[in-house]
Amino acid sequence: MEKITLYYFLVNNKATLGLGENIKLLLEDAALEHEYVRLELDEAWNNKKVQLVKEGLYSGTLPYIEVGGKKFGRTVPIMRYISVKLGNKYHGANDEENQILDSAADIIGDWFESAKLAFNGSNEDKKKYVEVDTPRFLDIFERYLSAQEGPYILGEKISYSDFLIYHRLDDDMALDRLADYPNLTKFVQSFVERPNIKKHLASLSK
Ligand SMILES: N[C@@H](CCC(=O)N[C@@H](CS)C(=O)NCC(=O)O)C(=O)O
């Protein structure tokens with residue numbers, strides 16, 4: 001693929017926080033030439049957003065990518081687009097596998113929304129999120145991963161939904177709270193050992 005530029009903003013001054021990192025992980029894993037540009041969500045953003053919409057980024061939201069002079073938006077569709085461009089590298093082998101990936105990505109969307117609500121909500125909302133919502137989502141993904149030998153959602157082959165699962169766990173600071181989830185534990189152990197991911201994660205702690 002041509003060089004990809006990924007645009008997102010820096011959330012709470014932490015490089016990986018938020019949606020952009022899902023795409024970054026996939027770009028790193030695929031060893032694609034890319035640049036990660038951070039925009040500011042300040043007063044200038046509203047004008048920039050209008051300009052982006054005029055330039056074909058219909059949603060006017062972050063993250064988006066620019067490749068071959070075109071702009072493409074929305075996290076999961078961007079990941080699917082890159083996968084398709086790479087010969088379905090991060091897709092399933094058939095419609096049924098792709099349905100599984102699609103449904104997992106959809107649930108990650110629900111999880112992200114519920115995390116956002118809790119983050120902006122009362123202490124009671126936050127408590128419910130930690131005690132009720134998070135375990136419910138962890139249970140769901142433990143089930144997905146237990147359907148085959150793993151370590152990933154479709155077995156040995158990694159897919160775009162795996163990046164979403166890993167990053168959701170990371171953003172939720174749940175990576176070291178998986179003792180009761182053997183399949184998620186195996187998943188994370190394998191994910192972080194992928195050579196390009198390992199390099200990327202090491203670069204973050206420098
Ligand atoms: N589901 C969308 C969410 C996009 C979204 O709402 N992005 C936020 C940042 S996380 C944004 O662009 N906010 C600024 C705005 O809407 O103007 C995706 O995955 O891309």
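This section describes the two domains of a predicted model, the interface between them, the buried residues of domain 1 and the salt bridges of the chain.

The domain assignment divides the protein chain into domain 1, spanning residues 4–85, and domain 2, spanning residues 95–193. The centres of the two domains, calculated over C-alpha atoms, are separated by 22 Å. Contact between them involves 13 residues of domain 1 and 13 residues of domain 2. The area that domain 1 and domain 2 bury between them comes to about 1100 Å², of which 67% lies on carbon and sulfur atoms. On the side of domain 1, the residues that lose the most area to domain 2 are Asn22, Leu25 and Arg80, which together account for 36% of what that side buries.

The polar component of this interface comprises 5 residue pairs in polar contact, counted where both residues have pLDDT of 80 or more. Two elements, helix H1 (20–29) and helix H3, each give two or more residues to the side of domain 1 that touches domain 2, and the largest share of that side, 5 residues, is supplied by H1. When the residues of this side are sorted by class, 6 are nonpolar, 4 are polar and 3 are charged. A single salt bridge, 1 by the rule applied, is found across the interface of domain 1 and domain 2. Arg80, already named among the residues that lose the most area to domain 2, forms a salt bridge with Asp102, in which the closest N and O atoms are 2.6 Å apart.

Within domain 1, several residues can be followed from their secondary structure element to their surroundings. Ile4 belongs to strand E1, which covers residues 4–9, and its relative accessible area of 0% places Ile4 in the buried class, because that class takes in values under 20%. Beyond residues up to four places away in sequence, Ile4 touches Leu27, Leu32, Glu33, His34, Glu35, Ile65, Glu66, Val67 and Ile82. Of these partners, Ile82 lies 78 residues from Ile4 in sequence, while the C-alpha atoms of the two residues are 9.7 Å apart in space.

Ile23, in helix H1, is likewise buried, its relative accessibility being 0%. With residues up to four places away in sequence again set aside, Ile23 touches Leu6, Pro63, Ile65, Thr75, Ile78, Met79 and Ile82. Ile78 is separated from Ile23 by 55 residues in sequence, but by 7.5 Å in space between C-alpha atoms. The contact with Thr75 leads to helix H3, which runs over residues 75–85 and includes Thr75. Thr75 has a relative accessibility of 9% and is therefore counted as buried; apart from neighbours within four places in sequence, its contacts are with Leu19, Asn22, Ile23 and Pro63. Asn22 and Ile23 thus appear together among the contacts of Thr75, and Asn22 is also one of the residues that lose the most area to domain 2.

Local features were also found at both ends of helix H2 (residues 43–54). At the N-terminal end of H2, Asp42 acts as a cap, with a side-chain oxygen placed 3.1 Å from the backbone nitrogen of Ala44. Just after H2, Gly56 adopts a positive phi of about 105°.

In total, 12 salt bridges are counted by the rule used here. One of them joins the side chains of Arg194 and Asp29, with an N to O distance of 2.7 Å. This pair links distant parts of the chain, since Arg194 lies in the loop between helix H7 (182–192) and helix H8 (195–204), whereas Asp29 lies in helix H1, 165 residues away. Asp29 is itself buried, at a relative accessible area of 9%. A further salt bridge connects Arg168 with Asp172, where the closest N and O atoms are 3.1 Å apart, and both Arg168 and Asp172 are buried. The salt bridge between Lys198 and Glu193, by comparison, has its closest N and O atoms 2.9 Å apart; Lys198 is partly exposed at 42% relative accessibility, and Glu193 is partly exposed at 46%. Finally, Glu55, Glu66 and Lys71 are linked in a network of salt bridges, and Glu66 also appears among the residues touched by Ile4.

Methods:
Residues are numbered from 1 along each chain as its sequence is written. This is a predicted model: local features need pLDDT of at least 70, side-chain atom pairs count only at pLDDT 80 or more; totals for chains, interfaces and linings use all residues. Side-chain values use heavy atoms; hydrogens and water are left out. A polar contact is a pair of N or O atoms within 3.5 Å; within protein, one must be able to donate a hydrogen and the other to accept it, and residues adjacent in sequence count only if both atoms are side-chain atoms. Helices (H or I, at least four residues) and strands (E, at least two) are DSSP runs, numbered from the N terminus. Buried means under 20% relative accessible area, exposed over 50%, partly exposed in between (1.4 Å probe, protein chains only). Contact means heavy atoms within 4.5 Å. Domain bounds come from an automatic or database domain assignment. Buried area is the accessible area (1.4 Å probe) that two parts lose on being put together, summed over both. A salt bridge is a side-chain nitrogen of Lys or Arg within 4 Å of a carboxyl oxygen of Asp or Glu. Ala, Val, Leu, Ile, Met, Phe, Trp, Tyr, Cys and Pro count as nonpolar, Asp, Glu, Lys and Arg as charged, and the others, Gly among them, as polar.
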